[in-house]
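Reader: I'd like to learn how to read a few features off a model like this one. Could you walk me through some?

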Amino acid sequence: MTLIPARLRPAGRARSPRRRRTALIGVAAMVGGLLLAAPPPASAANLLTNPGFETAGAAGSDMPHCWAKSGWGDNDFTFETVADAHTGTKAMKVELTRRADGDRKAMITENAACAPNVQPGKQYDLGFWYKSTTPDTSVTLFRRDATAGWQYWTDLRTLPVAAGYEHAEVRTPEIPPGTDQITWGVSVYGTGSVTTDDYTMQDVTVTPPDPECTGTAQECADGKWEVLPTQNPVRSMHSVVLHNGKVLLIAGSGNSEEMFEAGTFTSALYDPQAGTYTTIPTPKDMFCAGHVQLRDGRVLIMSGNMAYPAADGSHGYKGYKDSYVFDPATESYVKTNDMNDGHWYPSATALGNGDVLSFGGLKEDSTGSVTAERWSAAQNRWLPTWQVNQTWSYWGLYPSMILMQDGRLFYSGSHVFGNGTPGTGASVYDYDANTITDVPGLQNKDQRDQSASVLLPPAQDQKVLTLGGGNIDSNPDANRLTDIIDLKDPNPRYVAGPPLPQGTVDRGAGQVPQTGDQGKMYLSAVLLPDGKVLETGGSLHNRADPVYSASIFDPATETFDKVATDPQARGYHSSSFLLPDGRVMSTGDNPGNNSYNHNVSIYTPPYLLKGPRPQITSVIDTEWNYGDTQRITVDRPIVKAELIRPAAVTHSSDPNQRFVDLPLTVDGNNIDLNVTSNPNLAPPGWYMLFGVDANGVPSVAKWVRLDGPAAMSSTARQGASDSGPSAHVHEFADELKAKPRGPGKKRSSHDVGPTVSGCDRHYGSANVCVPTNFPPEVKRTTVSRCEWLARHDYGRLRVNGKDDPLRLDPSRDGVACGKADLRRPRAGR
């Protein structure tokens, strides 16, 4: 299937001013000396027409032949052909004398005669000579889709201030499918000027060597799974990959009422190198908390389980206000100040300045929290409610809130437990304006419970994929739906993606092939260093009927490829995540009978079975700033490099997971990596740095920390020529058609029923989940329901109180599905 692409305005058209948002919550950086590649040899083929501006344009035009004015926003600017050339007699000067927003750039003209032709899969080196008076510059690339026309592609690098002519060069990513031409230029988005001359463009495509298969033919095509000999010692529901390469596995009470009553709360630290586990003292029941990586590598953990549901239905789960940080250096938890509200199942999204926003979950009284919370990185604490913008909206449980490149949040529609939010089920939240705007197109929004959403590689593309889901209240078969949204579009909407591949399902009597529209909920989506996404695990129904399937999604072709399947059940309370060596680790499974799968699986993707891996032999600096150019050395050619944010995943949800492209400047085995100036694309913190060769084989990751001082305004920067760039933010998703909603009436909470988890507490203990609604194939009779419970190993179930809403104890002896209950069916039962 083909996505409806982003229809941005033509590159040559100035864009009208728009409503100004509050300045980006961002971080810019001091940029050190730029490591420049040598200029290309004179004999190299230059694919550009009029690269030095020497040929005048048509009569009446004030731009040189094959060059056009481009840009957008509210700013004062000039384009001028000047005699201050690098060679020849002419150069191009672009200057901004006032800027509220937007940018200006001289671009190669978007037509067949001027824009260079390109081929999908190839890479090109773009070079030019420049001098500048502002650090707010970026090499910006557009591409022509053969079907949809011209559209913005990506920013490639930031240029430091240069008093005299300097040479700059950067390599394009692989040309996407469907692209036949590109155009590019230097964007100026701060007050000052850039003068450029002598542009070059050369085909530098690396021909991949024939891969050598190091496994069986099937393994090399589909990868392989292995189950580790050592089990996970805790009933973990939360998995966090730390910047020292270890994995924090948080259980709290592990969904065990008995452990909760005993005050037995656990965590473990797994060392993939040694294959060992260390038990970590855990001060509170962090079962179903929220968590996020902070800019210094500590892990912020918010709320958790204050109480299990009462058997009499007087209350459901409760969330406490407590918050902790886990410090990898001391391997211990440290308490922070309290949140303003309880939040069992909260969201947690890192912002571009290192702050964290959190929404949703259940309060201390089991009602839904409508209080937004903000963690201040500067103050190292949760802010009081009056300092946090409030819409008084109930976002549900674990709402997937993904940071957009302009600082707004995209609620993807993925959530946990029950129906989606009212309206379309997906929306854009503008924290600064404090407005919510619905986004259309999400399929079957009330059956995306325990779906997975992920910002597709690279983050610069601003596309989100949502996969699968179900509904624990009505408990239908989970679906195969996928949806893709391009947040670069002026009015973005979800478009249906390809259906999830099917596998086998075990309904209690062995695995059988899935049929019809059967898909899965509780699945995991993992970003891989080759730029693809692994989806794995899942179940057909609420905490039951595991699905055995896995596939890899390719964002470039928008297709799934079925791969090897984890032999272990991975449903509710499972996690899958990327390790620094490029493998994927999967843990957990907690079906309704409250058993727990302690086996750990490791997936080796096909890219690790294609022969030797490239190696990053040195990283000059592990402390990176925004807009930097950072040098690494490699042992052989690579075609791309990226930063992948380490996992902090639970319940199919990791909204901070992202893959950030690092455009290359190549000089043999010395590679300069060009870091985005926009911290909303890569919020500050520790990242895994991968280099990838032409066969898609990644290196082992190196750890780097991306951070920087606060951004300076153009006014404050005057006279400070060594200051780093501010963020280059684009005007994407700026024409949303739906009417934005402001804050609603102030309220204390949102009513939520005690069966929010889809479990009927009249039977068994609080951690046993007898479904309030059985799967559709189960008849509404005592015998059929009891047979289903027996197949799923529920064992003996006491009846709590006098009520028997599911009619599992017609003998009224206080035990559900006993022999007397099954002796003979009663009419209507």
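Reader: Let's start with the domains. How many salt bridges are there between domain 1 and domain 2?

Author: Keep in mind that this is a predicted model. To count a salt bridge, you look for a Lys or Arg side-chain nitrogen within 4 Å of an Asp or Glu carboxyl oxygen. Between domain 1 and domain 2 the count is zero. Polar contacts are another matter: five residue pairs make them across the two domains, both partners at pLDDT 80 or more.

Reader: And which strands of domain 1 supply the side that touches domain 2?

Author: Look at β7 (149-157) and β8 (162-171), as each gives at least two residues to that side. Sorted by class, the domain 1 side has five charged, four nonpolar and two polar residues.

Reader: Where do the two domains run along the chain?

Author: The domain assignment puts domain 1 at 67-203, while domain 2 comes in two pieces, 622-643 + 661-706. Eleven isn't a typo on either side here: the contact takes 11 residues from domain 1 and 11 residues from domain 2. Their C-alpha centres are 22 Å apart.

Reader: How much area do domain 1 and domain 2 bury between them?

Author: About 870 Å², with 41% of it on carbon and sulfur atoms. On the domain 1 side, Arg157, Thr158 and Arg171 lose the most area to domain 2, and together they account for 46% of what that side buries.

Reader: Now a single residue. Is Ser757 buried or exposed?

Author: The cut-off for buried is under 20% relative accessible area. Ser757 has 5%, so Ser757 is buried. You'll find Ser757 in the loop between α3 (714-717) and α4.

Reader: What is Ser757 in contact with, leaving aside neighbours within four places in sequence?

Author: Tyr317, Phe417, Ile472, Asn542 and Cys769. Within the excluded stretch, the Ser757 side chain also makes a polar contact with the side chain of Arg761, at 2.9 Å. As for the path of the chain, Pro771 is 14 residues away from Ser757, and their C-alpha atoms are separated by 9.0 Å.

Reader: On to the helix after that loop. Which residues of α4 are buried?

Author: In α4 (residues 782-791), the buried ones are Thr782, Ser784, Arg785, Cys786, Trp788 and Leu789. To read a helix like this, ask next what the buried residues pack against: here, β39 (544-548), β55 (797-798) and α5 (819-822).

Reader: Which residue with a positive phi follows α4?

Author: That's Asp793, with phi near 60 degrees.

Definitions and conventions:
Residues are numbered from 1 along each chain as its sequence is written. This is a predicted model: local features need pLDDT of at least 70, side-chain atom pairs count only at pLDDT 80 or more; totals for chains, interfaces and linings use all residues. Side-chain values use heavy atoms; hydrogens and water are left out. Buried means under 20% relative accessible area, exposed over 50%, partly exposed in between (1.4 Å probe, protein chains only). Helices (H or I, at least four residues) and strands (E, at least two) are DSSP runs, numbered from the N terminus. Contact means heavy atoms within 4.5 Å. Domain bounds come from an automatic or database domain assignment. Buried area is the accessible area (1.4 Å probe) that two parts lose on being put together, summed over both. A polar contact is a pair of N or O atoms within 3.5 Å; within protein, one must be able to donate a hydrogen and the other to accept it, and residues adjacent in sequence count only if both atoms are side-chain atoms. Ala, Val, Leu, Ile, Met, Phe, Trp, Tyr, Cys and Pro count as nonpolar, Asp, Glu, Lys and Arg as charged, and the others, Gly among them, as polar.
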